[in-house]
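Biologist: Please put the model on the screen. I will then ask about it one point at a time.

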Amino acid sequence: MTTNVAIACQGGGSHTAFTAGVLETVLPHLHAADDCRLVGLSGTSGGAVSALAGWYGYLTGGGEGAVETLRSLWADIAASDPYERLLNEWVVWGSRLQHSAAPTPSLSPYHLPFSDMGKREFVRVLERHVDFDRIPDLVTSDCPRLVVGTVDVNAGEFETFTEENVSPAAILASAAVPSLFEAVEIDGHYHWDGLFSQNPPVYDLMHTDPARKPDELWVVQINPQTREDEPRTVEEISDRRNELSGNISLNQELRFIETVNRWVDRGDLSDERYSHTEIRRIVLDEQLGYPSKLDRSTEFIQRLREQGIADADAFLDGVTIGEHAHTVHRDTTHGH
């Protein structure tokens, strides 16, 4: 019996290089497996970037195609030349200053000269690795779903873009942090970073035709769920608020799935549209701080990518499809 697997990728800026490493590992595994198949990928912000790259590479070149697209895209995102490294250091330093107790001026992205330039470069990077004109031809009735999360600023509602509707503008909107980038106009409405919405989108993965409904949902979670100590400094409080807000929508959606699972297991739901969905998490279990979400240094991105690969290997070694779900946490006590 084939088990349907969907993967939901939480947003978190540069931290989602970890997600790229996870997908580089699990997508070839799913492509080669006879007893399970990929039925969907979703993502928000940086998670949407990785989900798009993995999905596109998977459809065009199988598991190895996914690995190649993810690696090349994230290598392109990394600040490599001297000018980009200098700009990256300035952005990270400015974010640390803004999240400290020091008084700093607040500027609208509409008054920042590099905001529009950054948007254009972001789109150019995406288009170097994903042929968006080819996407409609890749979409078939049985291909994995692709779901990208944004928020409609005007309507005040979550909005998702799926498969052939995923454009450079949709990815840009999902990653448009309102303090750094102007809102992205799509169909007459303005959109912001999907971190304000479903982070990551789960509903669209679950509410689909029966053939593509996931038996297992694998969540790549970027924001730590727990914290042992009490946040005391301005920066620590700001970091924890960001982590908690990033997990709110995810936890709400997963709790609903768990509730349905209990109803199904008790026999309260006999409708064939409802079935048990195992939830498994691969968590970036490390306190990194909000400013590092803007860090595009090659060393930082490579470290997180390798961490994602290691955690995904541990996940696949420890999981048997259909067993009781568990969470894989990385031990961060060895030199990280």
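**Reading the model**

Biologist: Leaving aside its neighbours within four places in sequence, which residues is T25 in contact with?
Modeller: Contact means heavy atoms within 4.5 Å. With neighbours up to four places away in sequence set aside, the residues that T25 contacts are I309, A312, D313 and L316.

Biologist: What pLDDT do local features need in this model?
Modeller: Residues are numbered from 1 along each chain as its sequence is written, and side-chain values use heavy atoms, with hydrogens and water left out. The model is predicted: totals for chains, interfaces and linings use all residues, side-chain atom pairs count only at pLDDT 80 or more, and local features need pLDDT of at least 70.

Biologist: Is T25 buried or exposed?
Modeller: T25 sits in helix α1, residues 17–32; helices (H or I, at least four residues) and strands (E, at least two) are DSSP runs, numbered from the N terminus. Buried means under 20% relative accessible area, exposed over 50%, and partly exposed in between, with a 1.4 Å probe and protein chains only. The relative accessibility of T25 is 13%, so T25 counts as buried.

Biologist: How many of the 16 residues of α1 are buried?
Modeller: From its first C-alpha to its last, α1 reaches 23 Å, close to the 22 Å expected at 1.5 Å a residue. That expected span is 1.5 Å times one less than the number of residues in the helix. The rest of the structure largely encloses α1, because the buried residues, out of 16, number 13.

Biologist: Which two residues touch the most other members of the largest nonpolar core?
Modeller: A nonpolar core is a set of buried Ala, Val, Leu, Ile, Met, Phe, Trp, Tyr and Cys residues joined through side-chain atoms within 4.5 Å. The largest has 59 residues, and its largest share, 13 residues, comes from helix α2 (residues 46–77). Not counting residues up to four places away in sequence, I7 touches L23, V26, L27 and W218, among others. The two that touch the most other members are I7 and L52.

Biologist: Why is the pair of W218 and F315 given the type it has, and which type is that?
Modeller: Rings of Phe, Tyr and Trp (its six-membered ring) pair if their centres lie within 6.5 Å; planes under 30 degrees apart count as stacked, over 60 as edge-to-face and the rest as tilted. The count by this rule is one aromatic pair. The ring centres of W218 and F315 are 5.0 Å apart and their planes stand at 75°, so the pair is edge-to-face.

Biologist: How many residues apart are W218 and F315?
Modeller: Both residues are buried. W218 belongs to strand β7 (residues 216–221) and F315 to helix α9 (residues 298–318). The pair links distant parts of the chain, and the separation in residues is 97.

Biologist: What distance separates the C-alpha atoms of H191 and T150?
Modeller: H191 is in strand β6, residues 189–192, and counts as buried because its relative accessible area is 1%. T150 is one of the residues it contacts, leaving aside neighbours within four places in sequence. The two are 41 residues apart along the chain, and their C-alpha atoms are separated by 6.5 Å.

Biologist: How many disulfides are there?
Modeller: A disulfide is a pair of cysteine sulfur atoms within 2.5 Å. C9 is buried at 0% relative accessibility, and C143 is buried at 4%. By the sulfur rule, the number of disulfides is zero.
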